[in-house]
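Visitor: Hi! Could you walk me through this one while I have it open?
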Amino acid sequence: MYLSKFKNLIIIALVFVLFPNVAFAASLYFNSPKTDYTVGEQFTASVLVDSVSEPINAFEGKLVFSDDQLEVKEIFIGNSIINFWLDAPKADKGEIRFSGIVPGGFQGDNGLLFSAVFRVLSTGSGAIKFSDYKLLLNDGLGTMAVTTVANLNLTIKPLAIGASAPDYLPFPDGTLPEEFTPELTRSPEEFGNQWFLVFATQDKGSGIDYYEVCEGSQDNCEKTDSPYILKDQNLVGKIFVKAVDKRGNGRLVVLEPPGGLVWYEKYQNYVIILLVSIASILLVLKKYARRV
Amino acid sequence: MKKVLGKIILFSLPLLVISLGAFFSYSDFVIAASTASVSATIKIEICGDSVKDDGEECDGSDLNGQSCTNFSGFTGGTLSCSAGCLFVTTGCTTAVTPPGGGGGGGGGGGGGPITPVITSAVFVGRAYPGSSVTLLKDGQLAVRTVAGPDANFQMTLAGLSAGNYIFSLYTTDSVGRQSSALTFPVYVTSGATTRVSGIFLAPTIAADKSEVKHGDTLSIFGQSLPQSEITVQVNSTQEFFAKARADKDGVYLYNLDTAFLEIGDHSARSKSTVENEISAYSDRVAFKVGTKSVNEVVDTTYKKADLNRDGSINLVDFSVAAYWYKRKSPPTKYDLNNDGKIDLVDFSIMAYYWTG
């Protein structure tokens, strides 16, 4: 513990001496309710950033932990300072990778990147460590910010005989993702001038889980990311874009196709069919009446 | 004893190293450090938290000690506060003596209509006279407005959720130059109006030459608030500051005598001051002092970040670049810093030039 603090202080001191023109820029750290847990217990660790002197506009890194000791139950990106994710945080074999940007940069303290809910699996000393991290300054050059990190050290005790691990109460989120406007676009320089959709929104509760695009009808959907190259390049039929948060709340946006609706999507066609049907029935009835 | 000694070494060694570092570091760093602490500030107030802030007449039950009798024409009744934190006098009464005997008491009022919960934010600040002001919400275009002839602007954003937002504001001057963005995080409270005031957008800045012959004059100019004091910071080996004054349209000009500068690369940026309020710093304009003069060259990195060439750097550009991120053989045009790969640095450059 002391050694880790000592190392950080030495690094900071050396940075000031070796790079006098570089202001101390940023730090990555965790916010967790405590560091002592029992097996079976679940806890939330939030990944935070401080960057008071310089704005940071790009973040990349991974959290590393023993997957024999900790299991990731959920990851939340709601309320993150990161507006656009390159790699939305995802757990895989004892790692959570993340990368994304904040246009204009973030300058301040306690900036939330994301939160992860862990379940403790086995006893002993454990840690969640930052690895391969990179924070870039909002200077138009992508200069790497001098960054210090504080890992989360854990002490995990066995569960007392007859006791049960405290219940984890997942926080509720009944709010829909924010309104958004997908953009349908194409350019001779992108994707061979094919029509594609771009979209992004935020969910201030549990965070966006996934997007779904449906072409023509809502029975024909696919989970996807932005950009989405349309299968129907003639743009016939409505396009549905759905943003769904981690609690399953979905925000649906419907785009009217520039290429026109298919015949069954035009209500005027139903009116015409109805009128023709009525006229036919009347005609038949009239003929029948004459015969009688 | 060993432990105590260890602790003393633990804390004193880094301090010693920092002290030595400060002693041996260059004097220009000290100047830079002392000036870098000057920063623009904004004020965040919440209408709906039942606490009256400076920009509000009242807030919920906090009526700032006022009652109906403080308003002319009223002698009693109940003063209330609107959702927009303005006084409402509809419940106030005047002392009109009834002509006859007292009538029966009126029936109790029915339940009023349920007021919908509105979560919104209001942005109040100063740009340049008649300039276009853009507000980005979490990196996406939210509102655009035009500042008044006095350079003041106000914009309202409704339909927000409670939570953290990153807001960015920038403006465009009379010749189309874009100011640096003022970006800040704000926590928006549910069912309340969050008022962000004191926004003072940075001046625009440009120079008439990208390279200037040593001893010649370099013109540094731009636009800001009318009659404001402009501080031009020149970053050279010996950093220095110069003053200029914006005219009635907010236009400023500073002629820099380069005889005092060393041959080599330099940069300048500016900020504006009026009535003890300081704007954010402008972007930096780079120039070279050399043996010949070369007229201003447009920053091509900005144009390069606009991948689809639609004049904006936004989600479309991010999405197409993100598509090629970590893929094999991406087109070279996405490699903004020409280092042969598309990585986080390219996205950082794009985020810097972002227009929404």
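Visitor: Let's start with the largest cavity: which strands each supply at least two residues of its lining?
Guide: Those are β12 and β15 of chain A. Keep in mind that this is a predicted model.

Visitor: And what volume does the largest cavity have?
Guide: About 30 Å³. The structure holds 1 cavity of 30 Å³ or more.

Visitor: Which residues line that largest cavity?
Guide: The lining is made of Glu215(A), Gly216(A), Leu230(A), Asp232(A), Leu235(A), Val236(A), Gly237(A), Lys238(A) and Ile239(A). Sorted by class, that gives 4 nonpolar, 2 polar and 3 charged residues.

Visitor: Okay, pockets now. What's the volume of the second largest pocket?
Guide: The second largest pocket comes to about 1,100 Å³, and 40 residues line it.

Visitor: Which of them lie nearest its centre?
Guide: Nearest the centre of the second largest pocket are Trp85(A), Leu86(A), Asp87(A), Ala88(A) and Asp225(A). The largest share of the lining, 8 residues, comes from β5(A).

Visitor: Which other elements supply at least two residues of that lining?
Guide: Besides β5, chain A brings in β6, β12 (208–216) and β13 (221–224), and chain B brings in α4 (315–324). By class, the lining of the second largest pocket has 19 nonpolar, 9 polar and 12 charged residues.

Visitor: Since chain B came up, how many residues does each chain put into the contact?
Guide: Chain A puts in 53 residues and chain B 50 residues. Between the two chains, an area of about 4,400 Å² is buried, with carbon and sulfur atoms giving 66% of it.

Visitor: Which three residues supply more of chain A's buried area than any other three?
Guide: Phe84(A), Leu86(A) and Lys204(A), which supply 13% of the area that chain A buries against chain B. One of them, Leu86(A), is also among the residues nearest the centre of the second largest pocket.

Visitor: How many salt bridges between chain A and chain B?
Guide: The count is 5. In one salt bridge, the side chain of Asp87(A) meets that of Lys326(B) at 2.8 Å, N to O. Asp87(A) is another residue nearest the centre of that pocket. There are also 17 residue pairs in polar contact between the chains, counting pairs with both residues at pLDDT 80 or more.

Visitor: Which element gives the largest share of chain A's side of the contact?
Guide: β6(A) does, with 9 residues of the side that touches chain B. By class, that side has 26 nonpolar, 18 polar and 9 charged residues.

Visitor: And how many salt bridges over all chains?
Guide: The count comes to 22. Among them is a pair formed by the side chains of Arg247(A) and Glu74(A), at 2.7 Å, N to O. This pair links distant parts of the chain, 173 residues apart: Arg247(A) sits in the loop between β15 (238–245) and β16 (250–255), and Glu74(A) in strand β4 (residues 70–76).

Visitor: Switching to the backbone: which residues does the cis peptide bond join?
Guide: Ser226(A) and Pro227(A), with omega about 5°. Pro227(A) is in the loop between β13 and β14 (228–229) of chain A.

Visitor: Last one: which residue other than glycine has a positive phi value?
Guide: Take a look at Asn276(B), whose phi is near 65°. You'll find Asn276(B) in the loop between β19 (264–274) and β20 (277–278) of chain B.

Methods:
Residues numbered from 1 in each chain as written. Chains lettered and ligands numbered in written order. Predicted model: local features only at pLDDT ≥ 70, side-chain atom pairs only at ≥ 80, totals over all residues. Heavy atoms only, no water. Contact = heavy atoms within 4.5 Å. Buried area = accessible area lost by both parts, 1.4 Å probe. Salt bridge = Lys/Arg side-chain N within 4 Å of Asp/Glu carboxyl O. Polar contact = N/O pair within 3.5 Å; in protein donor to acceptor, adjacent residues only side chain to side chain. Helix = DSSP H or I, 4+ residues; strand = E, 2+ residues; numbered from the N terminus. Nonpolar A, V, L, I, M, F, W, Y, C, P; charged D, E, K, R; others polar. 1 Å grid on protein atoms, 1.4 Å probe; cavity = no way out; pocket = protein on both sides within 12 Å on 5 of 7 lines; lining within 4 Å. Points joined across faces, edges and corners; volume = space filled by probe spheres on them.
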